[in-house]
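Thanks for passing this one along. Here are some notes to read beside the structure, set out as numbered points.

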Amino acid sequence: LTCNGIKLAFVWMRTDLGDNLNHNILLIDDNENFLSSTKRFLEADGFYVKAVSSGDEAEPLIRQNIIPFSLVLIDYNMPDRNGAAVTKKIKQYNEDLKVITFSGDSSSSVYADTLEHGASFVLSKDLEDEKILSVLHRICRDIEKRTKPIVLPEVSENKKLIESCGM
């Protein structure tokens with residue numbers, strides 16, 4: 001597009017994707033040590049974390065939707081029901097909810113079971129902190145791209161230029 005001999009280019013750019021993630025995470029694990037250390041680790045990175053020790057505690061939180069969780073981190077091996085069974089149940093309440101399963105078991109059957117029941121990722125419990133954060137940040141950016149509206153400025157230099165050209 002040219003106006004008064006000036007070539008105009010329009011760039012559609014999101015400006016609302018800052019470093020402050022502001023995402024709520026539901027953390028489910030029966031191991032109290034893992035639960036508390038992971039909660040502290042994620043909160044130190046700016047996430048709000050609600051930590052519970054079973055699927056029975058987690059399901060009402062998802063069903064009632066009082067806290068809008070962006071994602072769920074769940075242990076695969078738990079005494080009452082495994083992470084895949086809990087994932088299947090919570091996906092009935094919110095099919096768009098992203099679920100990441102943690103497991104100390106790296107067998108293909110764990111991966112297949114978990115992904116088949118709706119988890120987005122399966123991560124090893126001994127994965128490095130930086131890699132865990134990398135996955136979480138990527139998922140949160142994807143959620144933001146899907147859910148946050150794009151707000152255009154009211155008046156910009158480009159708009160003034162376009163109007164001056166009678167467009």
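Which exposed residues does the face of α1 turned away from its buried side carry?

1. **The outer face of α1.** They are Asn33, Arg40 and Ala44, each exposed and placed on the face of α1 that points away from the buried side. Please keep in mind throughout that this is a predicted model.

2. **The inner face of α1.** On the other side of the account are the buried residues of this helix, namely Phe34, Leu35, Thr38 and Leu42. Looking down the axis of α1, you will find these buried residues within an arc of 95°, so they line one face of the helix. Their packing partners are the strands β3 (24-28), β4 (48-52), β5 and β6, together with helix α5.

3. **The length of α1.** Helix α1 runs over residues 32-44, which makes 13 residues, and at 1.5 Å a residue it should span 18 Å. The C-alpha atoms at its ends are 18 Å apart, in agreement with that expectation.

4. **The overall layout.** Stepping back, the protein has 6 helices and 7 strands. Followed along the sequence, they come in the pattern β-β-β-α-β-α-β-α-β-α-β-α-α. Of the 167 residues, 35% are buried. Among contacts with a separation of 6 or more, 66% are between residues 24 or more positions apart.

5. **The β6-α4-β7 unit.** Do have a look at strand β6 (residues 98-103) and strand β7 (residues 121-124), which pair in the parallel sense over 4 bridges. In this pairing Phe102 of the chain stands opposite Leu123 in β7. With helix α4 (residues 108-116), the strands β6 and β7 make a β-α-β unit, and the unit is right-handed.

6. **Arg81 and its acidic partners.** The count of salt bridges comes to 5. One of them joins Asp56 to Arg81, with the closest N and O atoms 3.0 Å apart. Asp56 belongs to helix α2 (residues 55-64), while Arg81 sits in the loop between β5 (71-75) and α3 (83-93), so this pair links distant parts of the chain, 25 residues apart. Arg81 also meets Glu59 in a salt bridge, at 2.6 Å from N to O. Because Glu59 lies in helix α2 and Arg81 in the loop between β5 and α3, the pair ties together parts 22 residues apart in sequence. How accessible are the two side of this second pair? Glu59 is buried, with a relative accessible area of 10%, whereas Arg81, at 27% relative accessibility, counts as partly exposed.

7. **Asp75 and Lys125.** Another salt bridge brings together the side chains of Asp75 and Lys125, at 3.4 Å from N to O. Here the pair links distant parts of the chain, 50 residues apart: Asp75 is in strand β5, and Lys125 is in the loop between β7 and α5 (129-147). Asp75 counts as buried because its relative accessibility is 4%, under the 20% cut-off. Lys125, at 25% relative accessibility, counts as partly exposed. Asp29 joins in as well, since Asp29, Asp75 and Lys125 are linked in a network of salt bridges.

Conventions. Residues are numbered from 1 along each chain as its sequence is written. This is a predicted model: local features need pLDDT of at least 70, side-chain atom pairs count only at pLDDT 80 or more; totals for chains, interfaces and linings use all residues. Side-chain values use heavy atoms; hydrogens and water are left out. Two strands pair if DSSP finds at least two bridges between them. Helices (H or I, at least four residues) and strands (E, at least two) are DSSP runs, numbered from the N terminus. A crossover is right-handed if, with the strands pointing away from the viewer, the path from the first strand over the helix to the second runs clockwise. A salt bridge is a side-chain nitrogen of Lys or Arg within 4 Å of a carboxyl oxygen of Asp or Glu. Buried means under 20% relative accessible area, exposed over 50%, partly exposed in between (1.4 Å probe, protein chains only). The expected span of a helix is 1.5 Å times one less than its number of residues. The arc is that of the directions from the helix axis to the C-beta atoms. Contact means heavy atoms within 4.5 Å.
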